[in-house]
Amino acid sequence: MSTKPQRALSSASVVPPGIRAQSEHLSLVATMPAVFSVEECERIVAIARAHPGSQGTVDARADAADPIRRSTVRFLNPEPASEWIFARLDQAVTRLNAAYAFELQAFAEGVQIASYTDGGHYGWHADLGPGAFSRRKLSLSVQLSPDADYDGGDLEFLVSRDSAARSQGALIAFPSFLVHRVTPVTRGERWSMVSWIAGPPFR
Ligand SMILES: O=C(O)CCC(=O)C(=O)O
Ligand SMILES: [Fe+2]
């Protein structure tokens, strides 16, 4: 997993310590519909298809017989051709962070585009981890596929068990410490675009 490319957020996204969220409660899962249009989702999938994919792995927990994760992943790094994608996500983060009020600085890594087919899944996990992954604070998942293209493949959260929105172009945001999974795809193909917004580790 790449940890190199960081694209800074527009300064409006950065909420310094001491600034309080608009609500006294932490927003857990937030949904923004149609952050990307259908045409834009299709364009992103086409860009991803042109990249060589690799199997998504999860550190030492990966086990060939019973993988916690089975999907094909590609990373889009910040570069002129993908800047519009980062800019759109940045805009969404500015709005979302009015509720989260996390101290956020930059994209932790490139944007991850994953495809899940035929049993593809990602078991229960949190996106926070040791080392560089401790800087992940806000996770974003964009549904790139039309709902009708696949069965299963639901993004679920342990705290609520409600499935996330499946509408194409919707963005689902959650604190990176929240335990979540993608249930096995039983028909068709699901594409998602996941990014992590980083800042000083939670304290
Ligand atoms: O595909 C998704 O919507 C989420 C994937 C995920 O949880 C991850 O890549 O960490
Ligand atoms: Fe995740």
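Of the 14 residues around ligand 1, which come nearest?

**Ground rules.** This is a predicted model, in which local features need pLDDT of at least 70, side-chain atom pairs count only at pLDDT 80 or more, and totals for chains, interfaces and linings use all residues. Residues are numbered from 1 along each chain as its sequence is written, chains are lettered from A and ligands numbered from 1 in the order in which they are written, and side-chain values use heavy atoms, with hydrogens and water left out.

**Exercise 1. Describe the shell around ligand 1.**

Step 1. Start with the opening question. Gln112, Tyr116, Ser141, Arg190 and Ser192 come nearest, out of 14 residues around ligand 1. A residue is near a molecule or strand if one of its heavy atoms lies within 4 Å of it.

Step 2. Sort the shell by residue type. Six residues are nonpolar, five are polar and three are charged. Here Ala, Val, Leu, Ile, Met, Phe, Trp, Tyr, Cys and Pro count as nonpolar, Asp, Glu, Lys and Arg as charged, and the others, Gly among them, as polar.

Step 3. List the polar contacts. A polar contact is a pair of N or O atoms within 3.5 Å; within protein, one must be able to donate a hydrogen and the other to accept it, and residues adjacent in sequence count only if both atoms are side-chain atoms. The side chain of Arg190 places an N or O atom 2.7 Å from an oxygen atom of ligand 1. For Asp127, a side-chain N or O atom is 3.1 Å from a ligand 1 oxygen atom. His125 has a polar side-chain atom 3.1 Å from an oxygen atom of ligand 1.

Step 4. Check the cover. On its own, ligand 1 has 300 Å² of accessible area, and the protein covers 98% of it. Accessible areas come from the Shrake-Rupley method with a 1.4 Å probe; for residues, only the protein chains shown count as cover.

Step 5. Assign the shell to elements. Strand E6 (111–117), strand E7 (121–125), strand E12 (180–182) and strand E13 (185–198) each give two or more residues. E13 gives the largest share, four residues. Helices (H or I, at least four residues) and strands (E, at least two) are DSSP runs, numbered from the N terminus.

**Exercise 2. Trace the partners of E13.**

Step 1. Ask how covered E13 is. Ten of its 14 residues are buried, so E13 is largely enclosed by the rest of the structure. Buried means under 20% relative accessible area, exposed over 50%, partly exposed in between (1.4 Å probe, protein chains only).

Step 2. Go through the pairings. Two strands pair if DSSP finds at least two bridges between them.

- Strand E8 (residues 136–143) runs antiparallel to E13, with seven bridges; Ser141 has Val194 as its bridge partner.
- E6 joins E13 by six bridges in the antiparallel sense. Ser115 is partnered by Trp191, and Thr117 by Glu189.
- Strand E9 (residues 150–152) pairs antiparallel with E13 over three bridges; Gly152 is matched with Val185.
- Strand E5 (residues 106–107) pairs antiparallel with E13 over two bridges; Phe107 stands opposite Ile197.

Step 3. Follow E6 outward. Strand E4 (residues 72–76) is antiparallel to E6 and joined to it by five bridges. Arg74 faces Ile113 there. Six of the seven residues of E6 are buried.

**Exercise 3. Lay out the open sheet that holds E7 and E12.**

Step 1. Write the order. Four strands run E3-E7-E12-E10, with antiparallel pairing.

Step 2. Find the edges. Strand E3 (69–70) and strand E10 (155–157) each pair on one side only.

Step 3. Inspect one pair. E10 and E12 share three antiparallel bridges. Leu155 stands opposite Val182.

**Exercise 4. Compare Ser160 and Ser176: buried or partly exposed?**

Step 1. Place them. Ser160 is in the loop between E10 and strand E11 (171–175). Ser176 is in the loop between E11 and E12.

Step 2. Read the accessibility. Ser160 counts as partly exposed because its relative accessibility is 35%. Ser176 counts as buried because its value is 0%.

Step 3. Look around Ser176. A polar atom of its side chain lies 3.2 Å from the backbone nitrogen of Leu138. Beyond neighbours within four places in sequence, contacts of Ser176 (heavy atoms within 4.5 Å) include Ala126, Asp127, Arg136 and Trp196.
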